[in-house]
Amino acid sequence: MVIFGENGDSGTLAMKQSNNSNKFEKNQMDTFRFPDMLSLGDLCKVRIWHDNSGIGPGWHLEFIDVKDEIMNKTFRFQCDRWLAKNADDKQIIRELACANNDILDLKERTSYEITTVTSDREDAETKDNVWIILEGKKGRSKEMMLENTSKKRRFAQNATDVFKFSSKNVGDIAAICVGHCPKDGRKFSPKPDSYWHVKEITITETELGNQYIFNCNAKIPLRNKRDDYKVFECAKTIESFASRARSLVPVKYEVIIVTGFEKGAGTDANVFITMYGSNGDSGKHALKQKMRNLFERGKTNRFYIETLDLGEVKKVRVEHDNSGLSAGWLLERVEVTNSATGVTTIFPCSKWLDKKRGDGEIWRELYPMY
């Protein structure tokens, strides 16, 4: 059998030693134990098969219960079918979905990276496990076990440890529940001074890159039961640009270009603009209109550019490609108006974009006039 969970799979488990000397008999329940196996988190399916050997290899499987003793949770996998070459659909392998665990649409799932920072005090470390539950606007996550093993020590004094989990998306994380439990599911009588001293925990939702920072500075007592834990509220959220962009709507910007009055101020070159705002930039846009002679001396030209809401427009970059008979250009100013809010931002220039005049540059970065 192979067991699949949110933390990976078990690998192939041979069902050899049961609580019964004669295994898999009619109307009989067999129990198998795998004490060295790490928690797989919430289970989603199992794959079960046999090798079709022996005098009567055909087998009718009713169901499988898998108990995670670390989580103290049992997962049911219903079957009620034959694994036999001469019965049912003649298959001797079955994949069974978990019957008592919500099957989530892939769109509702995400991955979380959990970074813990253990305190630098001398008695801060623990050799046991830590568990975390995320409390978000869309709901509550399952318990995430941060395991400490002999092969990979975690939670040492002043150490930073990183764990990754697949989970349902709980939305913006408001709080976390943090507990401290013995590893390997062992029972014990806790000493009054058995703690893990945690300094900080950062949760990163990896799809969009949003970060949630929890300033803990607390000691978490070692307990057998899950009802003794600490709750920490989010102290700081760092929202990624990808997350902000998801909620932005397209906005039409009116861009006015004013060319200077001096002799030869106009240009025959192709002109481009990039707008930069608090939410990102517009990308590079060509300023052109069909059948019109643009950027003539003393003239004003109007363009419309649709892009995601830039927020406060902080600068613009104007450039040309130095093409045409008369490429040099005296740019007087640029005006940008957000059509949704009516806010106009003016960017003065009064400089040449000319290989043969001034500083020889054919681009300018302009900042607002306040």
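**Salt bridges and a sheet**

Visitor: Which side chain meets Glu-319 in a salt bridge at 3.6 Å, N to O?
Guide: A salt bridge here puts a side-chain nitrogen of Lys or Arg within 4 Å of a carboxyl oxygen of Asp or Glu. This is a predicted model, where local features need pLDDT of at least 70, side-chain atom pairs count only at pLDDT 80 or more, and totals for chains, interfaces and linings use all residues. Residues are numbered from 1 along each chain as its sequence is written, and side-chain values use heavy atoms, leaving out hydrogens and water. At 3.6 Å, N to O, the partner of Glu-319 is Lys-284.

Visitor: Is Glu-319 buried or exposed?
Guide: Buried means under 20% relative accessible area, exposed over 50%, and partly exposed in between (1.4 Å probe, protein chains only). Lys-284 is exposed at 53%. With a relative accessible area of 13%, Glu-319 counts as buried.

Visitor: Which residues are linked with Lys-284 in a network of salt bridges?
Guide: The 3.6 Å contact already ties Lys-284 to Glu-319. The network joins Lys-284 with Lys-315, Arg-317, Glu-319 and Glu-365.

Visitor: Which strands stand at the edges of the open sheet?
Guide: Strands are DSSP runs (E, at least two residues; helices are H or I, at least four), numbered from the N terminus, and two strands pair if DSSP finds at least two bridges between them. Four strands form this sheet in the order 21-17-23-24, with antiparallel pairing. Each edge strand has a single partner, so one side is left without a neighbour in the sheet: that's strand 21 (300-308) and strand 24 (344-353).
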